[in-house]
Structure formats: C-alpha cells, structure tokens
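Okay, thanks everyone for coming. I'll walk you through one structure today, so have a look at it on the screen and then we'll go through it piece by piece.

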Amino acid sequence: MAYSAKIGPSILSSDLSCLGSECVRMMESGADYLHLDVMDGHFVPNITFGHPMVECLRKSLGQDPFFDMHMMVSRPEQWVKPMAAAGANQYTFHIEATTNPGNLIKEIKESGMKVGLAIKPGTTVEELAPWANQIDMALVMTVEPGFGGQKFIEDMMPKVNWLRSQFPSLDIEVDGGVGPDTIHKCAEAGANMIVSGSAVIGSEDPRSVIALLRTVVAEAIQKRSLDR
Ligand SMILES: O=C(CO)[C@@H](O)[C@H](O)COP(=O)(O)O
Ligand SMILES: [Fe+2]
C-alpha cells in the first residue's frame with residue numbers, strides 16, 4: 001500500500017490579499033501540500049488566479065511546498081507549460097474539459113509535473129477509469145466545482161470506494177465540503193488526499209483540524225491494510 005494520508009488546505013476561502021502569508025500559515029499548521037484552485041470564469045462561473053500568481057507564491061514560499069493545481073478551466077492544454085514554469089508540482093485537470101486526456105497526460109508528464117485527473121459530481125467514475133494507470137492522482141469532486149464553502153455530497157463516496165477497490169495504490173483526493181464532520185465518510189471510502197478549505201482556513205485552530213483530518217485518514221488506511 002503505497003499511499004499515505006495527506007492534507008492539502010484549499011486557500012480559496014482565505015484572505016486573498018494575504019495569500020502568501022496564508023500559505024505560510026497553513027504549512028506551519030502542518031499542511032502536507034497546498035491545493036490551489038484555478039478558475040477561468042468559463043469552465044466554472046467564478047474567476048480566481050493563474051500562473052503569474054503561482055510564480056509569485058513559488059518565489060515567496062521557496063521550493064518546499066507541494067503545489068497541487070486544481071485547474072477548473074476550459075482548454076486545460078494551454079496552461080501546462082506556463083504552470084510548470086511557474087513552479088507547479090501537480091497539474092490536476094478535469095476530464096470534462098478536454099477531448100484528448102491521453103495527450104494531455106503525456107504533455108503534463110513531459111513538462112515535469114505530476115498528473116491529477118478530476119471528475120465533477122455528474123461524471124461517472126467509469127469515465128476516469130481508463131486513465132487511472134497513467135495518472136498520479138484521481139480527484140473525486142464532492143461539490144460542484146466553482147465555489148468554496150458548499151455542502152459535501154455524500155453520494156460521491158461510492159466513486160471513491162470503487163476507485164480504491166480497483167486501484168489499491170492510487171492517490172485518491174476528495175475536494176469540497178470536507179472537514180471534521182465529513183472526513184470519516186471520505187476516509188472509510190478510501191480517500192487519502194484530503195482538500196479542506198473553509199473548515200481549515202475558517203478555524204481558530206487550523207493545526208488541530210489538520211491533525212484530526214490526518215489521524216482519521218491514517219487510521220482508515222491502517223485498518224484497510226490489516227483487513228487485506
Ligand atoms: O475546488 C474547489 C471548489 O471548486 C475546492 O477546492 C473548494 O475551494 C474547497 O473549499 P471547501 O468546500 O472545503 O470550503
Ligand atoms: Fe479544488
């Protein structure tokens with residue numbers, strides 16, 4: 001079992017005028033990686049930031065933090081090279097946004113980044129499955145992409161469960177409405193990379209929330225390995 005519990009705060013719901021220091025605050029609170037939500041106002045009805053911001057964050061934060069780019073954009077092909085040059089570590093694109101996932105996976109790998117493949121709530125996990133052996137991470141959205149602070153969609157858990165049963169060592173990420181109230185469902189289903197925005201950022205004690213999320217997931221991973 002190659003995967004481990006990792007917690008990646010989504011900085012979407014932080015004070016964006018202090019993005020650099022918010023990222024530092026999350027890393028100092030025990031985050032394993034940073035989940036950076038890129039929205040283009042076309043694939044989703046909201047706009048955030050692009051590669052120039054990522055480049056500034058990389059310069060200010062140094063080489064250490066792992067940047068998981070959640071690309072909620074149409075034509076994800078166009079940002080692969082700029083994101084790699086800006087210092088992104090993982091490029092997570094939506095399968096709904098491209099007609100040629102195979103080629104995009106290849107381009108991302110050639111540019112030196114890891115590959116994440118995301119599906120919206122309305123997309124079946126069978127659409128992702130043919131690519132699962134070529135990617136580093138599968139992202140199962142647990143809200144409609146576009147906004148932080150939405151309600152967790154529990155109906156997505158069978159997708160996670162199925163992916164875990166079919167691909168025992170794949171990194172599986174959940175994103176949207178995940179926090180102390182919903183983490184048990186995600187962990188039991190088999191998710192190991194946990195994005196949490198408002199529950200972590202909005203907490204007075206982000207360190208404790210991150211630690212709790214990680215403990216629940218680590219315990220579920222251990223239980224699964226004992227059950228095998
Ligand atoms: O990609 C998205 C939303 O589209 C997420 O990354 C959210 O930003 C997570 O925030 P919470 O739902 O945890 O508040
Ligand atoms: Fe996200």
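**From a serine to the metal and out to the salt bridges**

Let me start with Ser-198, which is partly exposed because its relative accessible area is 38%. Before I go further, keep in mind that what you see is a predicted model.

So, where does Ser-198 sit? It's in helix 8, residues 198-201. And which residues does Ser-198 contact, once we leave aside the neighbours within four places in sequence? Those are Ser-13, Gly-149 and Ser-203.

Gly-149 is worth a stop. You'll find Gly-149 in the loop between strand 6 (137-141) and helix 6 (157-166). With a relative accessible area of 63%, Gly-149 counts as exposed, and the cut-off for that word is over 50%.

Now, the annotation. UniProt, in an unreviewed entry, puts the feature "binding site" at Ser-10, His-70, Gly-146, Phe-147, Gly-148, Gly-149, Gly-177, Gly-197 and Ser-198. From this set, the lining of the largest pocket takes in Ser-10, His-70, Gly-146, Phe-147, Gly-148, Gly-149, Gly-177, Gly-197 and Ser-198. So the two residues we just talked about, Ser-198 and Gly-149, are both in that lining.

Next, the other annotated feature. Which residues does UniProt list under "active site"? The unreviewed entry gives Asp-37 and Asp-175. They're spread over 139 residues of sequence, and yet they cluster in space, with a largest C-alpha distance of 10.6 Å. The lining of the largest pocket includes Asp-37 and Asp-175 as well.

Let's zoom in on Asp-37. Asp-37 lies in strand 2. Is Asp-37 buried or exposed? At 4% relative accessibility, Asp-37 counts as buried. Not counting residues up to four places away in sequence, Asp-37 touches Ser-10, Leu-12, Thr-48, Phe-49, His-70, Met-72 and Asp-175. Notice that Asp-175 is in that contact list, and so are Ser-10 and His-70, which we met under "binding site" in the UniProt entry.

And that brings us to the metal. What coordinates the iron ion, ligand 2? The residues are His-35 through NE2, Asp-37 through OD, His-70 through ND1 and Asp-175 through OD, at 2.0 to 2.2 Å. If you like to read sites off the sequence, the donor residues of the iron ion (ligand 2) are spaced H-x1-D-x32-H-x104-D. His-35 and Asp-175 link distant parts of the chain: His-35 is in strand 2, residues 34-39, Asp-175 is in strand 7, residues 171-175, and they are 140 residues apart.

Why is the arrangement around the iron ion (ligand 2) octahedral? The six donor atoms subtend angles of 73 to 176°, and that makes it octahedral. The rule here asks for opposite donors over 155 degrees apart and all others between 65 and 115.

As for how covered these donors are, His-35 counts as buried because its relative accessibility is 0%. Asp-175 is buried too, with a relative accessible area of 8%.

Okay, last topic: salt bridges. How many are there? The count comes to six salt bridges, and I'll show you some of them.

Take Glu-22 and Arg-25: they form a salt bridge whose closest N and O atoms are 2.9 Å apart. Both lie in helix 1 (residues 19-28), three residues apart, so about one turn of the helix. Glu-22 is buried, at a relative accessible area of 11%, whereas Arg-25 is partly exposed, at 28%.

Then there's Glu-110 with Lys-106, where the closest N and O atoms are 3.3 Å apart. This pair lies in helix 4 (residues 101-110), four residues apart, again about one turn of the helix. Glu-110 is exposed, with a relative accessible area of 58%, and Lys-106 counts as partly exposed at 46%.

The one I'd like to finish on is Lys-185 with Glu-154, a salt bridge with its closest N and O atoms 3.5 Å apart. Lys-185 lies in helix 7 (residues 183-189) and Glu-154 in the loop between strand 6 and helix 6, so the pair ties together parts that are 31 residues apart in sequence. Lys-185 counts as partly exposed at 39% relative accessibility, and Glu-154 as partly exposed at 43%. Gly-149, from the start of the talk, sits in that loop between strand 6 and helix 6 too.

That's it from me, happy to take questions.

Conventions
Residues numbered from 1 in each chain as written. Chains lettered and ligands numbered in written order. Predicted model: local features only at pLDDT ≥ 70, side-chain atom pairs only at ≥ 80, totals over all residues. Heavy atoms only, no water. Donors = N, O, S within 2.8 Å, 3.2 Å for Na, K, Ca; no water. Tetrahedral: all angles 85-135°; square planar, octahedral: opposite > 155°, others 65-115°. Helix = DSSP H or I, 4+ residues; strand = E, 2+ residues; numbered from the N terminus. Buried < 20%, exposed > 50% of the residue type's maximum accessible area, 1.4 Å probe, protein only. UniProt positions renumbered as here; feature names shortened; annotations may be inferred. 1 Å grid on protein atoms, 1.4 Å probe; cavity = no way out; pocket = protein on both sides within 12 Å on 5 of 7 lines; lining within 4 Å. Contact = heavy atoms within 4.5 Å. Salt bridge = Lys/Arg side-chain N within 4 Å of Asp/Glu carboxyl O.
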